[in-house]
Every structure is written in C-alpha cells, then in structure tokens.
Amino acid sequence: MGFYKMENSTDKNQIVKLPLNIKGFYSWLYDSDKMSEFFDKQYVNDILTLGACRQLSYELAREIPMNANVIQFGITFGNQIDLIARKITSYGKYLVIDNNAKQIKRCENKFYGLYPQLKFEKADASRFKSDTKFDRVICYNLLHELPPLSKIKVVDSALNLVGPKGKVIFIDYHNPSKWNPLRYFIRMFNRLFQPFAEKLWERGIDMYATKSSDFSWRKNTYWGGMYQKTVATRKSKPF
Ligand SMILES: C[S@@+](CC[C@H](N)C(=O)[O-])C[C@H]1O[C@@H](n2cnc3c(N)ncnc32)[C@H](O)[C@@H]1O
C-alpha cells in the first residue's frame, strides 16, 4: 500500500491509503520517454479507443473559436493539440500547462517552430493563477486521473480562469449505458488501473464545482454514454 496525503491537510485521520498501482500506472506512462513516444502516435490512440479520441477532439474543436486565448490543463497524446492550435490560428494564444517536466520537454521538442501561438509551461492545474482571463479552458481526459479532492480543485481552478461568457470544456469518461457492451470491460479496467475514473460515473462534473451556479452547464455524451463533453459557460452578471 502507498499513502496519499490529502492536500492542505494536517489531520492524520485524513491520510488516505492508495494502492500502489495508482501511482505506478501513471508514472510508468508519463515519466517514460519510450512509452510516451509510443502512445503519442495517433494510430495507437485510434486503435485503443476504436476511433473515439478523434471524434472527441473534433467535438472539442467545435467549442474553440478562431483567434481565441486558450489554456489547456495537461498535455495529451496524439494530434489533439495540433487540431486546437490550427483552429486558434496564429492570431490567438494557446498555453498548455502540465506538472510533469518530461512531458513539457517532449512537447517543446515535438512542436518546435510549428505553431507560434502554442506555448508550454510547467505548472499545477489545481493552483494555476493568471492576471488575464481566458476565452476557453480545456480539460481533456485529465479529471478521471485525479482523486476527488484534486478534481474539485482542478474544476474550480478552470472555472476561475474564464472571463464573462468564457467556457470551460471538459472531455472525459462518463457512465456508459446499461446496454453498452463495453460497460463491464471498462469497469474492470478502471478498477484495476484507473480507480478515480468511476467517480465520473457517479456524478456530473458540475457537482465538483463550488460555484457551479455562476455557470450554465451543457453535457453531450458519446459512444453509448462512455464519454462526455461538458461545457460550463460563465453567466453574465445580473447587474
Ligand atoms: C491531460 S491527461 C491526458 C490523458 C491521456 N493520456 C490523453 O492523452 O488523452 C495527462 C497529463 O496531465 C498531466 N497532469 C496530471 N495532473 C496534473 C496537474 N495537477 N496539473 C497539470 N498537469 C497535470 C500529466 O502529467 C499528463 O501529462
């Protein structure tokens, strides 16, 4: 057993025991150049997700206007970042933050000289602060990797970064329909390797926001309910 100490907690009773496979699984993936290089290939993502990752990236791109000022929480594999960088064009701004130095370095090399609008920065999404507000915040396949308290912090941090009428777009797992043949396979996979993912089956992403009523929420699901796009749009002030 490994141990996970809840952030900002001094109370020993709040130390949560975590199985080692949680830490092991993600560091095995994100701290390894070889594994990252392999999973970064678009055809590998297409095979593993049966093409769903492509559809989800297009669904994300529909929410991003040209020339927008955009921040993304967490680096992704495949061509999701390319797609959004092209949609934004060189008149916009695209900042991708990640708390893993290896992933930042990998992407700085991968995208070197390709898109002037694209920048990478090593930072923790749960406490990222900025003087300027963004038109869009992207949170693509990140929440399912985080324990509940971090989910709340990351959702709140994303919502804090958008200005009036700005949007936060969450792409992530969702509770598959009862008739979805993959439902039980995914449940087994999650229980073995992604124990925080099932929390997204139990409640909507809006339930993780402390100021959810400041936003209007819209959700679309895909692939028999397996994935979701949840969009939070900041409401204009009543006066
Ligand atoms: C965005 S998810 C992408 C998941 C999946 N591999 C994909 O491509 O769809 C994984 C990335 O998020 C980063 N990450 C995890 N927690 C983070 C945090 N609190 N702040 C910033 N980046 C984080 C990881 O270092 C990793 O590079």
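Q: What does the protein chain average in pLDDT?
A: This is a predicted model, where local features need pLDDT of at least 70, side-chain atom pairs count only at pLDDT 80 or more, and totals for chains, interfaces and linings use all residues. pLDDT is the predictor's confidence in each residue, from 0 to 100. Here 90% of the residues score at least 70, and the chain averages 90.

Q: Over which residues is the pLDDT below 50?
A: Residues are numbered from 1 along each chain as its sequence is written. Where pLDDT is low, don't read the predicted coordinates in detail. The stretch in question has 20 contacts beyond near neighbours in sequence (C-beta atoms, placed from the backbone, within 7 Å), and it covers residues 1-22.

Q: Which are the edge strands of the open sheet?
A: Strands are DSSP runs of E, at least two residues, numbered from the N terminus, and two of them pair if DSSP finds at least two bridges between them. The seven strands go β5-β4-β3-β6-β7-β9-β8, with mixed pairing. Pairing on one side only marks the edges: β5 (118-122) and β8 (215-222).

Q: In β6, what is the bridge partner of Gln72?
A: Strands β3 (residues 69-73) and β6 (residues 134-140) run parallel, paired over three bridges. In β6, Gln72 is partnered by Ile138.

Q: Which residues come nearest to the ligand?
A: A residue counts as near if its C-beta atom, placed from the backbone, lies within 6 Å. The shell has eight nonpolar, seven polar and three charged residues. Of the 18 residues around the ligand, the nearest are Gly74, Thr76, Asn100, Ala125 and Asn141.

Conventions: Nonpolar A, V, L, I, M, F, W, Y, C, P; charged D, E, K, R; others polar. Contact = placed C-beta atoms within 7 Å. Helix = DSSP H or I, 4+ residues; strand = E, 2+ residues; numbered from the N terminus.
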